[in-house]
Amino acid sequence: MRKVFVKGLRWFVFCVFATALIGGPLARAAGAASITPNFKDANIRQIIQAVSAATGKDFILDPRVNAQVTMYSSTPLTPAAFYQAFLSILQVYGYIAVPSGQHIVKIVPNADERQMPSILLPKRVSSSSDELVTQVIPVKNVSAAELVPILRPLVPEWGHLAAYPPSNILIISDRASNVYRIMRIVKRIDRVGNQDVDVMPLRNASATQVVQVINQLYQGQATAQMGRTFKVVADERTNSVLISGDPAERLRIRALVAELDTPSAAGGDTRVVYLHYASAKELAPKLKEQMQELAQIATAGNVKGAAQTAAEKNALVWADTQNNALVITAPPKVMRTILGIVAQLDIRRPQVLVQAIIAEVDVNKTDDLGVNWAAYSQVDKLPLGGFVEPVGGTSIVDLVAAAKNPANLTTSLLEGTTIGIGTISAGGVSFAAMLRALRGNNNTNIVATPSAVTMDNQQAVLKSVDEVPFVTGQYTNASTVTSGTVTPFQTVQREEVGTILKVTPTISATGNSVMLKISVESSSVLPTSVSTVDPTTQKRSITTNVLIQNKGIVVLGGLIENSQDRNHNSMPYLGGIPVLGWLFKSRNDTASRSNLMIFIKPTILRDQNEASSESNLNYRYMLEQEGALPAPEFPHLLPGEPSPRLPPLPPSTPASAPAGAAVKPAPAAAAGASSPPKP
């Protein structure tokens, strides 16, 4: 209650003081009265009442007008200045004063500004007033529509700024002080520029390249953000640079273009480019084809002069195979294009170490068991009976024939355990019997670990084979007799039998995986056909494309085969008699198992350090294998003759050749100096 009383008393004192200070209408007309307003947390409606009393204006307040205002002044103000201060208060608190009639002013929020009338097209816009003003600004030299995005951030959100393109004018509605600022900015921008154009023909450089360099030089600088005062365009037909803009800027750009249009340090239109990794012989035809295609495109587009097009058609490139260098003769623009292509192609390509493991395990088992017997009359040569069945490839008949003629006896007849009994009488009954038991075990374990290092996208072939002869034809001419003997004629073809690895690696774009085109072949001569004229070979091969992670292992394919064969022969009925039935039967059992697996591991060697590390690892492995050989049990027959040993691993020096194409340096000026070494 006390606070309300104090506040009311303060307001009453202020009104009395303002009334005494202002006086009547006569004092307002004279304008001699002054006001020193000081408010602290006063309601804006109370301040409006004071302004109305001081200026004689009538105010209509929007219901949304409400604020607590603090204002301090150390000097007295006239009623007109007090009103301007009041307009500033309204701006601070988000309200505007809209004149309506001679003495009526409406106070509304800023959001309603666009629907309210204002001072329309005043002859002079005050730079310090906060009155609401609508002004039309004519633009003469620049586009009004292009100025709107630049000026819009300077206008408050409730203000209005738009362009009318047909008349090239700007329409702005805002407080007078801000409208005055916008008008000054537009006047500063809307200046008549110098439209003179300088044409600079170039002799050594390409106009297009020079313009690109200048644009890149000024891109991102402060001048680019505020708008350039110059413009540079290339004319490829005359190889000239066109410069427009301010005279000072044109002079500066002309000096820069003159510096760029200087002869090349190498001189002329011919360059010698030494290659470090690519093949000059293979690269030269492709570059020549590229130059011809560029000339054809230029001719079809009709964007160059006839002289320049003819020069590009006559451009030359040839390879010096001894120095692995390219000799290029072309105009400057084509020369730069070709040098850029060579620099991108003449790079050190990564290598790939491909390691393969071919594991093969074969197991063969055979069991043969049987009895043969026979009886016949020696007198009339009539057979009396018998059970004859080959056991392990041998029967009783073969043994009897060998007994009669020992020359027919071979080692195959006595393989395994063979027991034969019998009698041969001159005039009676002859009898012979054979018991044969044979078991065979054949185990084969083959592990081949071929490996090869090759370049990216280059095929590598590794062979560990024997050349086995195969008879492909025979010819015998009976009319050709030498010393009573007919001379036969044979044609023989040698085939490779062993392990053959063919691989073509392709490194992916990410560099973490390798696509391999692989062909693996493992063949051998069967042991049963070694002594024959035409040996029989066993061949295992696989051809496929796989994608493997770097240093990953993948199985390409495999063959797992199990087979079992049981062959029993016996005489009906008699073969089933216990114990006695063994005289009338034989048995042959065969079991085989074959396992073949192929594993692949690629390793990417990106630089010389990785290649040296892998080489050192394999070299040390060979040294360890050499040291693991057992010492001979007997002394050397050649004392003092050392056995061969691998030398110690020499230190590796990483290659330091730069990547990319290099231009041959100028020869030394000293007399007698040799030609410069190849970079």
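Is Asn-457 buried, partly exposed or exposed? In this predicted model, Asn-457 is partly exposed, with a relative accessible area of 45%. The legends below begin with the chain as a whole and end with this residue.

**Figure 1. Overview of the protein chain in the predicted model.** The protein chain comprises 14 helices and 27 strands. Of its 679 residues, 31% count as buried. When contacts in the protein chain between residues at least 6 apart in sequence are considered, 66% of them join residues at least 24 apart.

**Figure 2. Close-up of the packing of helix H3 against helix H4.** Helix H3 spans residues 44-55 and helix H4 spans residues 79-92; their axes come within 10 Å and cross at roughly 155 degrees. That angle makes H3 roughly antiparallel to H4, because angles over 145 degrees are counted in this way. The crossing of the two helices, H3 and H4, is left-handed. On the H3 side, the contact involves Ile-44, Ile-47, Ile-48, Ala-50, Val-51, Ala-54 and Thr-55. These residues meet Pro-79, Phe-82, Tyr-83, Phe-86 and Leu-90 of H4.

**Figure 3. Close-up of the packing of helix H7 against helix H9.** The axes of helix H7 (residues 207-218) and helix H9 (residues 247-260) are 11 Å apart, and the helices pack at an angle of about 125 degrees. H7 is therefore oblique to H9. The crossing in which H7 passes H9 is right-handed. H7 contributes Val-210, Val-213, Ile-214, Leu-217 and Tyr-218 to the contact. From H9, the participating residues are Arg-252, Ile-253, Leu-256, Val-257 and Leu-260.

**Figure 4. Close-up of the buried and exposed sides of helix H5.** Helix H5 covers residues 144-151, and its buried residues are Ala-144, Leu-147, Val-148 and Leu-151. These four residues lie on the same side of H5, because they cover an arc of only 115 degrees around the axis. An α-helix has 3.6 residues a turn, so residues three or four places apart point the same way. The other side of H5 carries the exposed residues Glu-146, Pro-149 and Ile-150. The buried residues of H5 pack against three elements, namely strand S8 (160-164), strand S9 (169-175) and helix H6 (176-189).

**Figure 5. Close-up of Asn-141 and Asn-168 in two loops.** Asn-141 is located in the loop between strand S7 (132-138) and H5. Asn-141 is partly exposed, its relative accessible area being 38%. Asn-168 occupies the loop between S8 and S9, the two strands against which buried residues of H5 pack. Asn-168 is buried, with a relative accessible area of 18%. Although Asn-168 is not a glycine, its phi is positive, at about 55 degrees. Asn-141 and Asn-168 are 27 residues apart along the chain, and their C-alpha atoms are separated by 9.4 Å.

**Figure 6. Close-up of the contacts of the Asp-346 side chain with backbone nitrogens.** Asp-346 is found in the loop that links helix H12 (332-345) and strand S16 (351-377). Asp-346 is buried, with a relative accessible area of 0%. A polar atom of the side chain of Asp-346 lies 2.9 Å from the backbone nitrogen of His-276. The Asp-346 side chain also reaches the backbone nitrogen of Tyr-277, at 2.7 Å.

**Figure 7. Close-up of Arg-439 in strand S19.** Arg-439 belongs to strand S19 (residues 429-448). Arg-439 is exposed, with a relative accessible area of 63%. Leaving aside residues up to four places away in sequence, Arg-439 touches Thr-366 and Asp-367. Arg-439 and Gly-392 are 47 residues apart in sequence, while the distance between their C-alpha atoms is 9.1 Å.

**Figure 8. Close-up of Asn-457 in the loop between two strands.** The loop that holds Asn-457 runs between strand S20 (451-455) and strand S21 (460-482). Phi of Asn-457 is near 65 degrees, a positive value in a residue other than glycine. Asn-457 is partly exposed, with a relative accessible area of 45%.

Terms used. Residues are numbered from 1 along each chain as its sequence is written. This is a predicted model: local features need pLDDT of at least 70, side-chain atom pairs count only at pLDDT 80 or more; totals for chains, interfaces and linings use all residues. Side-chain values use heavy atoms; hydrogens and water are left out. Buried means under 20% relative accessible area, exposed over 50%, partly exposed in between (1.4 Å probe, protein chains only). The arc is that of the directions from the helix axis to the C-beta atoms. Contact means heavy atoms within 4.5 Å. A polar contact is a pair of N or O atoms within 3.5 Å; within protein, one must be able to donate a hydrogen and the other to accept it, and residues adjacent in sequence count only if both atoms are side-chain atoms. Axes are lines fitted to C-alpha atoms, for helices over the stretch in contact, and angles run from 0 to 180 degrees between N-to-C directions. Angles under 35 degrees count as roughly parallel, over 145 as roughly antiparallel, 65 to 115 as roughly perpendicular and the rest as oblique. A crossing is left-handed if the near helix is turned anticlockwise from the far one by less than a right angle, and right-handed if clockwise.
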